[in-house]
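Colleague: I am new to this structure, and I would like a close look at one part of it, namely how helices pack against one another. Could you take me through that slowly?

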Amino acid sequence: MKKTLAAVLAAALLQTTAFSEDLSGYDNKKIAWGLGPSVDSYNRPVDAVSSQRQFEELHGLFVGEADKKRLWLTFDEGYENGCTGRILDILKEKNVPAVFFVTLDYAEQNPELIRRMIDEGHTVGNHTCSHPSLPDCSDEKLRGELSKLHEYIKDNFNYDMYVMRPPKGEFSERVLACAKELGYTTVLWSFAYQDWQTDNQPAADFAYDKITSKTHNGAVYLLHAVSETNTAVLGRVIDYWHDNGYIVTPM
């Protein structure tokens, strides 16, 4: 994208509290997002590239431009496992921005971390109130899952969210249209790996090699902030990106 999402969407955030758009015209077939092994000449997953073309008009973000060596670093925050403070310390040391997708429960239980994210220049994203599969929700519940968390963060931190990530990566055209109506871009990813099992963490060298070998222009990295391994290798990963000319950019 030519501008940051903040610049593009700032004027559109929750532009109305009376939702008038009829979502019934949008396909609600559930898409469980995942990536196949095929990549293009820029090392970008072809599934992310094709989905970016397909869903861009509904403000979906899967991967950025092929000709720019920039990427986005995002973390999902379903619960706190003692790693987020250290992750924030590393990001501050490296002067790198990130996106943290939080649930309502996480925000309620960890206000000091939310405050740090905002104060230190990171993006706080909407990961819904109760982490449901959004295509399974009625229009009313779908809107409520996003707008109630939005209002909570606004009321308690004076911060307007503008990006969301659907729980479990499950979405549909209808979900994207609803999020767009609410002023959101829906952010999926072009890289993720099995990092969320806290009792079965990958080895540090394996994780480092996995993450860095998949580096590509416009990458949207999904890492889970509960991972001790991600925390351990994060500084090295950022150094690798910088050494190879990549810029981690704000969303």
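**Helix packing**

Modeller: The crossing in which α3 passes α5 is left-handed (the near helix is turned anticlockwise from the far one by less than a right angle, whereas a clockwise turn would be right-handed). What you see is a predicted model, in which local features need pLDDT of at least 70 and side-chain atom pairs count only at pLDDT 80 or more, while totals for chains, interfaces and linings use all residues. Residues are numbered from 1 along each chain as its sequence is written, and side-chain values use heavy atoms, with hydrogens and water left out.

Helix α3 covers residues 84-94 and helix α5 covers residues 111-119 (helices are DSSP runs of H or I with at least four residues, numbered from the N terminus). Their axes lie 11 Å apart and pack at an angle of about 15° (axes are lines fitted to C-alpha atoms over the stretch in contact, and angles run from 0 to 180 degrees between N-to-C directions). This is why α3 is described as roughly parallel to α5 (angles under 35 degrees count as roughly parallel, over 145 as roughly antiparallel, 65 to 115 as roughly perpendicular and the rest as oblique).

From α3, the residues Thr84, Gly85, Leu88 and Asp89 meet Leu113, Arg116 and Met117 of α5 (contact means heavy atoms within 4.5 Å). Sorted by class, this contact of α3 with α5 has three nonpolar, two polar and two charged residues (Ala, Val, Leu, Ile, Met, Phe, Trp, Tyr, Cys and Pro count as nonpolar, Asp, Glu, Lys and Arg as charged, and the others, Gly among them, as polar).

A further pair to look at is helix α8, residues 204-213, with helix α9, residues 228-243, whose axes come within 9 Å and cross at roughly 40°. An angle of that size makes α8 oblique to α9, and the crossing of α8 and α9 is right-handed. On the α8 side, the contact is made by Ala204, Asp205, Ala207, Tyr208, Ile211 and Thr212, and on the α9 side by Thr229, Asn230, Val233, Arg236, Val237, Tyr240 and Trp241. Divided by class, the residues where α8 touches α9 are eight nonpolar, three polar and two charged.

To bring the two pairs together, α3 and α5 are roughly parallel with a left-handed crossing, while α8 and α9 are oblique with a right-handed crossing.
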